[in-house]
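This report introduces a structure to a reader who meets it for the first time. Please keep the sequence and the three-dimensional view at hand while reading.

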Amino acid sequence: MAARGHVQDPNDRRLRPIYDYLDNGNNKMAIQQADKLLKKHKDLHCAKVLKAIGLQRTGKQDEAFSLAQEVATLEPTDDNSLQALTILYREMHRPELVTKLYEAAVKKVPLSEEYHSHLFMAYARVGEYKKMQQAGMALYKTVPKNPYYFWSVMSLVMQAISAQDEKLAQTMFLPLAERMVEKMVKEEKIEAEAEVQLYFMILERLGKCVEALDMVRGPLGEKLTSELQSRENKCMMMYQRLQLWPECNALSYKLLLKNPDDWQFYLSYFDSLFHLMDKSWSPPNEEEHCVEGPVQTTVAEAVKFVVDRMEEEDKKESRPLRGPYMACLELIHRLRQRGCPDEQELGDPLELMLQFFGKFGDKPCCITDLKIYLHLLPPEQHTQFKNRLGELVPLGEVGEDGFGFPGDTKALQRHLCVCQLSRVLGLQRVLDTEGKLCLITELKAHYHYGLQFGKSCLKTELQFSDPYCLMVAHVYIDLWTETGDENMLWQCLGVLEEGLSFSPSNAQFKLLLLLLFCRLGAFQPVVDLYSSLDAKHVQHDTIGYLLTRYAGSLGQFAAASQSYNFSLRFFHSNQKDTSEYIIQAYKYGAFEKIPEFIAFRTRLNQSLHFAQVRTERMLLDLYTEADITSSLEESVKAMGLCPEEDDIPWDNMRDNRDLTVLFSWDPKDRELTEEHRRLSLEEESVWLKVRSLTLRLLASLALLGHAPSSRNSDKTNENGVSAKSSTLQTLLSQLDLTLQTAAQITEKQTQYPFLGPPSSRLATALSSGSCHCQASALQLSLTLQELETTGLDDSSELQTQICNSFKSLIVQLQELLSRCKGEVLEMKDSRLMTQPSLLETLVFFVETVWV
Amino acid sequence: MTTLRAFTCDDLFKFNNINLDPLTETYGIPFYLQYLAHWPEYFIVSEAPGGELMGYIMGKAEGSVAREEWHGHVTALSVAPEFRRLGLAAKLMEMLEEISERKGGFFVDLFVRVSNQVAVNMYKQLGYSVYRTVIEYYSASNGEPDEDAYDMRKALSRDTERKSIIPIPHPVRPEDIE
């Protein structure tokens, strides 16, 4: 915990037992021991701080804080106290106090390298870039080591990145940073690779690409050795930004000769080629095209280049690379886009794809590769393509059931790929019910036959024939959605469960089962399925929605609460975790990573899922835990809920959900599009807004209902109340507006792909009338509040209004209730199940305010 | 074919198809950030033309140079099921070895579950051999016994006599490995 190496110091020896108690989690003993020690040695400040740590950890925050401040005001300069206070402040989530601590320490001990560097890191933790810049410089002046100088430079870059005013960044911070580095370059003091990286970063941000290029190509660039191809990658980046297409082309060409499988360079090769063609570029002299070597400027050259690469692969003894063959399809695609007739020189896409299948059809990724270029085939060729592919699959003799089976896993993979391709091409979709059922029989037969190849598979491995099983499930889902026949869904569940019994680690089976059970409203198996996926940490943000979307809405409050908690724990640790590694990045000179880490932290903080679980968690707590009004008010207070505050980043919401986590071989027009993503985010945001406003309204009601004792006598309190009811009024009108937006959104009736994002709860909440019911209940309580202020005598109008509102609310509630009635198994609308309890709370609420 | 590039934080939001594998651990954010902050060059991801992540390798350099123990270490290597059988893991290993060569490492090492035959055989094919067995290195959760690990090594060119890979006959305990 602290520096404990030097046992010779008597204070260290005295403090040691306290450290040990704290380390072992024995906080009470630590406090006792500290007290004992303090009786004898009043001035042993560190003991006080250690006691404070014990107090903090036993929940006595206030006591801990005042004790710590006693020591802090003395401005300690001993290591033990400083380190203990740092730990304490960190646990209190008050990192800004650490800066104060070391500011005082460096003032008293201005030559201490250690304290200066602690001060720098303390500023880094709270993101005080300007002060970091100064602290870095002060440190360098005390101890002239290069890293300290560059900490200061980096802090200037961070000021530029965080500056609201881009002009300030470009005219002040970055130029200053540049000059600081230039000074070191001139004095030939550049030592480390990290320093060159930082120089590059600065030049790049300044848009000084020419200078950046010169630097990377020059002697300083020789230091860039850690990362593979570091110089080449940086040059390429600059060529692209400067639109130096000849250099870009020549470098891509060179890199592809070295590794004909590196896809990014095919893209830059083609990009640059077409730019050069558009500009009718020709080399200034025949000998040297550009610094990077020969440049290719014609389609003929590109065709030859790609064909040569394929021939190279054809000749190879070892396994061929896919790159050149994919590049050939990519080139056809691009030529076609440009309306260039030369594509024929590369051959017929159909034949090329068959050739690709011939070479790579036994690889599981063959489908993923070919999928990208299927649009090169005209629709009338689709069936022909499938049949020709079929000819390339070696199957055994047709048996009694009418099917021939593959003899080994390679043949199986080929057959599978043909099935996948025909699904992607839409050839499965056009089958009628009869046809689909036949297809299912065939796929099932292949599935079962294929299991024999995986008999020796460990339970952590997948079965070779698993994808057949998944496809059977997909076809069943097609049938279910087309015909509404629920029997199909039961069959589908059965086949997936069977699949899981042979392949217990198959995540795709689990994900699909999970989705189907949720859609059915059968939540029981979902928790186990989800936990067997072992989703952790960042996965809470990316796939947690699969669970949290349904747990609450299906009335599984305990499970919901638990899943919200898992997610929340992850998000809350993020802030602390990331600052620690921002500091590490300074220490190791990974300057490029610093803005990346900060962006990452922001991305998590602005996560849609984070805002959702935060809101739902509090709503759920209010609904389930607050039985009597007093505890409701307490709950609101304990949550730190402030109705006036809105902490959701509505304008910068990040949708971190992984919406393609479920495999799909659906045709392109059924795939998830960017538009789907946008609509889903929009819908979820509006629903979140409804929920968050409801929460804030409930909170403000709870706080309002509870100033009754002194309401009429105390003037200030009355003002407080009226301020709160105006908050209430504002929130209510916001809710009203949001509900209007919500109605517009649900009118669109957006359908997402089945395997894409689930629809939000918005539509059912609106159509069930629950949203409006809640809104009127909340409105009613506001009117009641008015009545209370006006007094009973002068408010007959208001009273009639209230009376009517009550009546209509009761009607609404009854309607809602009647919709909730029915057998669960018959009920299609799972959302309704949650309504009664929700409304009870509200009714209850209205009553409390009435009193 | 694949695009090989540095792993970035944003990739953490996209690696589910790789990490939903039962033998691939999803670590807490600090673990990834630590590697990105300290050894960014050792964290490489490969991306398919369609944008899917295919696999990644995460490693570090550690050990004392004086004791000839300075080496590259493979912390995690995983390839998504649909991108297996392409030699991608071998390619990523080759890159990690190249980086370790440049840093002047004596060898590259890694830990693998004794039961993970597929991986053990692959590493053998890539020139690795079992240096020692580490007892109960992998702690199991659901009541099953803890599992042993092989510590596998491959000598780099700096270790001309290949001293670093001479096997240790007796198994060691996790607390005894430095």
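The sections below treat the overall build, the internal cavities, the salt bridges and two loop residues in turn.

## Overall build of chain A

The model described here is predicted. Chain A consists of 851 residues, of which 54% count as buried. Its secondary structure comprises 38 helices and 0 strands. Taken along the principal axes, the C-alpha atoms of chain A fill a box of roughly 90 × 85 × 55 Å.

The surface that chain A exposes amounts to about 38800 Å², and carbon and sulfur atoms supply 51% of this area. Contacts within the chain can also be sorted by separation in sequence. Among those between residues at least 6 apart, 68% join residues that are at least 24 apart.

## Cavities

Rolling a probe the size of a water molecule over the atoms shows where empty space is left. A search of the whole structure yields 7 cavities of 30 Å³ or more. The largest cavity has a volume of about 220 Å³. It is lined by 15 residues, and those closest to its centre are A:Thr548, A:Arg549, A:Gln612, A:Glu684 and A:Trp687. Three elements of chain A give two or more residues each to this lining: α28 (545-551), α31 (608-625) and α33 (674-704). The greatest contribution comes from α31(A), with 4 residues. By class, the lining of the largest cavity holds 6 nonpolar, 4 polar and 5 charged residues.

One of the residues closest to the centre of this cavity, A:Thr548, merits a separate description. Helix α28 of chain A contains A:Thr548. Is A:Thr548 buried or exposed? The relative accessible area of A:Thr548 is 13%, so this residue counts as buried. Once neighbours within four places in sequence are left aside, A:Thr548 is in contact with A:Ser563, A:Tyr564, A:His609 and A:Val613.

## Salt bridges in chain A

Side chains of opposite charge can pair when their charged atoms come close. Over all chains, the structure holds 55 salt bridges. One of them joins A:Glu580 and A:Arg125, with the closest N and O atoms 3.1 Å apart. Because A:Glu580 lies in helix α29 (residues 557-588) of chain A and A:Arg125 in helix α7 (residues 113-126) of chain A, this pair ties together parts that are 455 residues apart in sequence. A:Glu580 is partly exposed, at a relative accessible area of 25%. A:Arg125, by contrast, is buried, with a value of 17%; the cut-off for buried is under 20%.

A further salt bridge connects A:Lys359 with A:Asp314, and here the closest N and O atoms are 3.0 Å apart. This pair too links distant parts of the chain, since A:Lys359 belongs to helix α18 (residues 349-360) of chain A and A:Asp314 to helix α16 (residues 299-315) of chain A, 45 residues apart. A:Lys359 is partly exposed, with a relative accessible area of 29%. A:Asp314 also counts as partly exposed, at 40% relative accessibility.

## Salt bridges in chain B

In chain B, the side chains of B:Glu94 and B:Lys91 meet in a salt bridge of 3.8 Å, N to O. How are B:Glu94 and B:Lys91 placed in helix α3 (residues 88-102) of chain B, and what separates them? The two residues are 3 residues apart in that helix, so about one helical turn separates them. B:Glu94 counts as partly exposed at 47% relative accessibility, and B:Lys91 is partly exposed with a relative accessible area of 26%.

Chain B also contains a network of salt bridges, in which B:Arg5, B:Asp11, B:Lys14 and B:Glu47 are linked.

## Loop residues with positive phi

A:Ser280 has a phi near 45°, a positive value in a residue other than glycine. The loop between α15 (263-278) and α16 of chain A holds A:Ser280. With a relative accessible area of 60%, A:Ser280 is exposed.

For A:Gln749, phi is near 50°, again a positive value in a residue other than glycine. A:Gln749 is found in the loop between α34 (715-748) and α35 (762-767) of chain A. This residue counts as exposed, at 61% relative accessibility.

Methods:
Residues numbered from 1 in each chain as written. Chains lettered and ligands numbered in written order. Predicted model: local features only at pLDDT ≥ 70, side-chain atom pairs only at ≥ 80, totals over all residues. Heavy atoms only, no water. 1 Å grid on protein atoms, 1.4 Å probe; cavity = no way out; pocket = protein on both sides within 12 Å on 5 of 7 lines; lining within 4 Å. Points joined across faces, edges and corners; volume = space filled by probe spheres on them. Nonpolar A, V, L, I, M, F, W, Y, C, P; charged D, E, K, R; others polar. Buried < 20%, exposed > 50% of the residue type's maximum accessible area, 1.4 Å probe, protein only. Contact = heavy atoms within 4.5 Å. Areas by Shrake-Rupley, 256 points an atom, 1.4 Å probe, with all protein chains shown as cover. Salt bridge = Lys/Arg side-chain N within 4 Å of Asp/Glu carboxyl O.
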